[in-house]
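User: Could you walk me through some of the words used for this model, and show me how each one is earned?

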Number of protein chains: 2
Amino acid sequence: MTNHDCQLTLARRMGTLPSSCVRELMRATGGRDVISFAGGLPRPDLLPLDAVRAATDRVLTREGGEALQYSSTEGEPALRSLIAERLLAPRGLRVAPEQVLVTTGSQQGLNLLGKVLLEPGARVALENPSYLAAIQAFSLYEPDYLPVAMDDDGVLPDALEQCGGTRAPNFFYAIPDFQNPTGRVYSRRRREAVVEVLARRRLPLVEDAPYSHLAYGEEPGPMLASAYPERSFVMGTVSKILAPGFRIGWVAGPARWIEQLVRAKQATDLCTGAFAQRIVAELLRELDLPAHLARLRAAYRQQCDAMLAALAAHLPGEATWTRPTGGMFVWLTLPRHLDAREVLNRTLPRGVAFAPGESFSPDGSSRHALRLNFTNATAADIERGIAILAEEVKRLL
Amino acid sequence: MTNHDCQLTLARRMGTLPSSCVRELMRATGGRDVISFAGGLPRPDLLPLDAVRAATDRVLTREGGEALQYSSTEGEPALRSLIAERLLAPRGLRVAPEQVLVTTGSQQGLNLLGKVLLEPGARVALENPSYLAAIQAFSLYEPDYLPVAMDDDGVLPDALEQCGGTRAPNFFYAIPDFQNPTGRVYSRRRREAVVEVLARRRLPLVEDAPYSHLAYGEEPGPMLASAYPERSFVMGTVSKILAPGFRIGWVAGPARWIEQLVRAKQATDLCTGAFAQRIVAELLRELDLPAHLARLRAAYRQQCDAMLAALAAHLPGEATWTRPTGGMFVWLTLPRHLDAREVLNRTLPRGVAFAPGESFSPDGSSRHALRLNFTNATAADIERGIAILAEEVKRLL
């Protein structure tokens with residue numbers, strides 16, 4: 001096949017699709033020796049290699065060919081039960097296994113929600129800033145965005161109340177537990193206030209909860225959806241607590257809502273791989289999950305502390321940042337006239353990568369901010385990397 | 001979470017999405033004792049269990065945490081090379097690894113092609129009948145369909161020449177090697193004639209080739225794309241030759257075309273699982289692939305023969321059927337006044353499932369036909385199931 005390319009007529013949606021600076025970056029730096037604060041990657045040595053090896057062996061022995069066959073579109077029944085019981089119930093959410101759809105990573109959940117709910121002219125309310133890959137997933141369906149302001153306790157109820165005016169958004173997309181990109185966690189009181197607004201406006205909620213089990217101090221309050229189950233989708237993933245390499249996520253919600261996602265998933269990838277699903281089920285069944293999570297939390301808490309200490313030691317007084325008590329990210333805000341991409345252009349040649357803020361706010365209001373991941377690098381690399389970042393920020397000031 | 005459902009406003013595309021009767025059926029019959037001619041499932045005892053166990057062990061030992069980490073959106077470099085070298089080159093197609101995008105099953109390839117190329121008003125030319133899950137995947141993007149007539153040598157060049165008139169289709173979707181649902185293989189001469197038409201009309205080609213390595217007699221001619229590389233996407237999967245449970249497929253094509261699919265994939269599921277990709281790469285590297293394929297071919301040839309013999313023994317003179325020399329399916333055509341769904345309503349309670357023809361033709365022209373899979377059931381079950389099918393057909397005549 002030659003590389004002499006002919007013209008291809010692209011669908012309009014491809015024109016509005018933002019590209020992911022983080023993945024572009026990871027591609028650009030892949031393989032080289034870079035301190036990466038860019039992605040949301042777990043620390044490689046915390047991945048449960050031996051447990052995976054043992055689980056694979058048991059699954060192949062016990063389940064034979066079934067483990068390598070097609071799965072149902074909804075997902076393997078055992079995995080759906082385990083997700084409900086081991087991962088959702090502890091967060092205050094009671095769902096039947098039939099209300100859980102297994103997805104190919106939680107990115108697929110976002111994509112399916114877009115497919116089922118969005119079309120040009122639809123409106124998505126979301127925290128400002130919000131998760132860039134969610135914005136990317138929804139953008140394929142060409143909605144308008146309604147960014148809603150936050151403070152350290154979560155999204156502002158008044159702003160959510162007013163957002164969109166009489167033309168209510170199709171849904172509100174939120175990450176209440178250790179938000180991506182800010183690391184913020186909604187306070188208990190704020191959770192109640194937000195649910196009140198949602199219920200009053202009858203707004204569907206999409207609650208994305210990849211970091212719920214990664215609290216480094218106090219546990220977050222119960223999921224918003226637990227007080228608003230009749231109009232909530234809940235999303236999750238094992239990528240942050242077991243391993244990203246399986247691509248196993250889920251969406252839970254009212255059974256008839258989930259049916260629509262199943263229809264869309266059927267046309268999208270038929271089913272998620274039975275092999276990965278069965279191994280993840282075995283891990284959820286046999287791994288000492290509380291002990292494993294405690295190990296992750298202890299390690300990441302230390303790395304989070306290292307990052308907060310390095311920021312305090314090196315960053316100039318004009319910068320501010322969030323102080324997460326869980327999750328994977330710190331959100332750093334620079335003086336308004338700085339563009340984080342310019343900072344990146346200077347740190348990247350020095351071997352330090354991060355995610356510039358612009359793509360996290362559809363209204364462009366985060367150009368002077370940036371997202372820093374603290375779970376992938378060691379404490380020593382965090383100190384070294386933040387020192388370099390601070391030097392370049394100071395030079396630009 | 002309750003099952004008391006509130007109304008959800010669905011995007012328009014959900015109204016036009018056909019559901020897959022085969023998956024509905026598999027769900028309806030799942031777990032029960034049914035002779036299934038419905039899906040395209042491999043025979044469970046032919047899945048390479050021991051090779052998978054050994055490959056998994058080697059991958060985890062050698063590659064450690066990397067095997068459980070995020071992959072790049074394009075896919076694992078080693079796997080992309082092996083697909084090009086071990087699976088595409090033997091079919092006459094020379095592509096660089098960079099021209100291969102790893103997808104989450106080949107269904108995702110179809111979905112990404114729809115995302116990138118189709119919108120309401122776009123036109124897809126396709127064989128009549130064609131693969132129902134492709135029609136389903138494309139339908140999410142609301143194109144119009146232009147079904148093109150076939151005979152036993154493949155699609156008719158004259159019909160392809162005229163299809164769409166002056167408003168040429170956006171692409172031609174074809175399965176030249178042991179087509180789904182008919183089992184037909186394009187003759188060598190027909191391949192040349194079809195490429196001539198495509199080149200003259202400058203039509204992009206989407207060549208779907210899941211069954212290329214499953215010839216039970218003569219090998220099929222070189223892929224259409226090998227004579228038309230500048231305007232061709234080629235799709236494939238390991239589902240039919242290694243195992244469906246990995247969900248590993250690919251799309252190859254001109255590098256700049258593939259880039260567009262990568263952008264869409266990023267927003268769809270970020271990446272395909274590193275774990276499954278690395279195990280499949282190891283299988284392609286270490287498994288004696290020719291010997292494995294020879295084993296599959298010998299078994300499936302026997303099952304195909306059993307089905308053809310059973311059809312000849314039991315079906316009434318008014319029925320006709322294809323005589324595949326590869327792949328997984330026989331296409332059975334009943335007298336025009338019969339509806340295959342009525343036949344199914346009668347065979348299903350007797351424990352025999354198949355795929356009624358209607359969903360394989362967007363113009364509804366295949367209501368009196370049906371697709372029979374011969375790779376999943378044993379020869380004895382095939383004989384028994386076809387006898388039941390024939391009884392019910394005779395009753396309806």
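**Strands, pairs and burial**

User: What is the bridge partner of Val234(A) in strand 9 of chain A?
Analyst: Val234(A) in strand 8 has Ala252(A) as its bridge partner in strand 9 of chain A. Before we go on: this is a predicted model, in which local features need pLDDT of at least 70, side-chain atom pairs count only at pLDDT 80 or more, and totals for chains, interfaces and linings use all residues. Residues are numbered from 1 along each chain as its sequence is written, while chains are lettered from A and ligands numbered from 1 in the order in which they are written.

User: How do you know that strand 8 and strand 9 of chain A pair?
Analyst: Strands are DSSP runs of E with at least two residues, numbered from the N terminus, and two of them pair if DSSP finds at least two bridges between them. Strand 8 and strand 9 (residues 248-252) have 4 bridges, so they pair, in the antiparallel sense.

User: And what joins strand 7 to strand 8 of chain A?
Analyst: Again 4 bridges, but here the strands run parallel. Val206(A) stands opposite Phe233(A).

User: Why is strand 8 of chain A called largely enclosed?
Analyst: A residue is buried if 20 or more other C-beta atoms, placed from the backbone, lie within 10 Å of its own, exposed if 12 or fewer, and partly exposed in between. In strand 8 (residues 232-237), 6 of the 6 residues are buried, so the rest of the structure largely encloses it. Ser232(A), Val234(A) and Gly236(A) point one way and Phe233(A), Met235(A) and Thr237(A) the other way.

User: What makes strand 13 of chain B an edge strand?
Analyst: In chain B, 4 strands form an open antiparallel sheet in the order 10-11-14-13. Strand 13 (355-356), like strand 10 (320-321), pairs on one side only.
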